[in-house]
Amino acid sequence: MEFIIATNNKKKLREMGAILEKLGVRALSLAEAGIESDAEETGTTFEENSRIKALAAMRVAKLPAIADDSGLEVDALGGEPGVYSARYGGDKCRDDVERYEYLLENMKNVPDGKRQARFVSVITCVFPDGREISARGEIEGEILREPHGEGGFGYDPIFFVPDEGMTTAEMTQERKNEISHRAKSLRIMAEKLEEVL
């Protein structure tokens, strides 16, 4: 059986592909399926955007499709950047560092103890027969005042996980893969897929 993974992001392809492989499924990227572009993310929640991307790929390829949407929610900013995590700050923020510096600037007056945040990952799988499966994973943490660590990407250098005593940028890749929001949503998705396949 073949599935489309609605991304060309190599890291996501590897993570999702490994889980599907254990279930006897061959995973194809958008490029391998001959699909030119990602669907436009017009949703206001991770669930909506994940579903939009999966449905778009499934309709073109006529195969089951799986997609994820993920980002950072900061309580003191009313849940921002949320679904706009990768585009936070618009044109004035061209890369990860500029985006997290922009976030830190927006939080400069937020006191310690009020800087709670979470990384969220929602994965949706849709089938041509209309079945849909969704899984959500989260990891709780706090936003630091300055970056720590060289690993990871995105907001990892400013996302401190109290239970680990470090940022996600300071963790080994192995540890991050065990506790991350995406690892959690992937585990839940694997369990749900096992039941239906």
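This is a short walk through the fold of one chain and its helix 1.

Okay, so one thing up front: what you're looking at is a predicted model. Let's start with the overall layout. The chain has 5 helices and 7 strands. Reading from the N terminus, you get β-α-β-α-β-α-β-β-β-β-α-α, so to speak, the whole running order.

Next, overall dimensions. Along the principal axes, the C-alpha atoms fill a box of roughly 50 × 35 × 25 Å. Does that go with a globule or not? Well, for 197 residues a compact globule would have a radius of gyration near 16 Å, and the chain comes in at 17 Å, so the two agree.

What about the inside? Of the 197 residues, 46% count as buried. And if you take contacts with a separation of 6 or more, 58% of them join residues 24 or more positions apart.

Now the outside. The chain exposes about 10,200 Å², with carbon and sulfur atoms supplying 48% of that. As for charge, there are 27 positive and 38 negative ones, and their mean positions sit 2 Å apart.

Let me finish on helix 1, residues 10–22. Its 13 residues reach 18 Å from first C-alpha to last, close to the 18 Å expected at 1.5 Å a residue. Which of its residues are buried? That'd be Lys12, Leu13, Glu15, Met16, Gly17, Ile19 and Leu20. And what covers them? The cover includes strand 1 (2–5), strand 2 (26–29) and strand 3 (65–74), and also helix 4 (173–179) and helix 5 (181–196).

Terms used. Residues are numbered from 1 along each chain as its sequence is written. This is a predicted model: local features need pLDDT of at least 70, side-chain atom pairs count only at pLDDT 80 or more; totals for chains, interfaces and linings use all residues. Side-chain values use heavy atoms; hydrogens and water are left out. Helices (H or I, at least four residues) and strands (E, at least two) are DSSP runs, numbered from the N terminus. The radius of gyration is taken over C-alpha atoms; the globule rule is 2.2 Å times the number of residues to the power 0.38. Buried means under 20% relative accessible area, exposed over 50%, partly exposed in between (1.4 Å probe, protein chains only). Contact means heavy atoms within 4.5 Å. Accessible areas come from the Shrake-Rupley method with a 1.4 Å probe; for residues, only the protein chains shown count as cover. Lys and Arg count as positive and Asp and Glu as negative; His and the chain ends are not counted. The place of a charge is taken as NZ of Lys, CZ of Arg, CG of Asp or CD of Glu. The expected span of a helix is 1.5 Å times one less than its number of residues.
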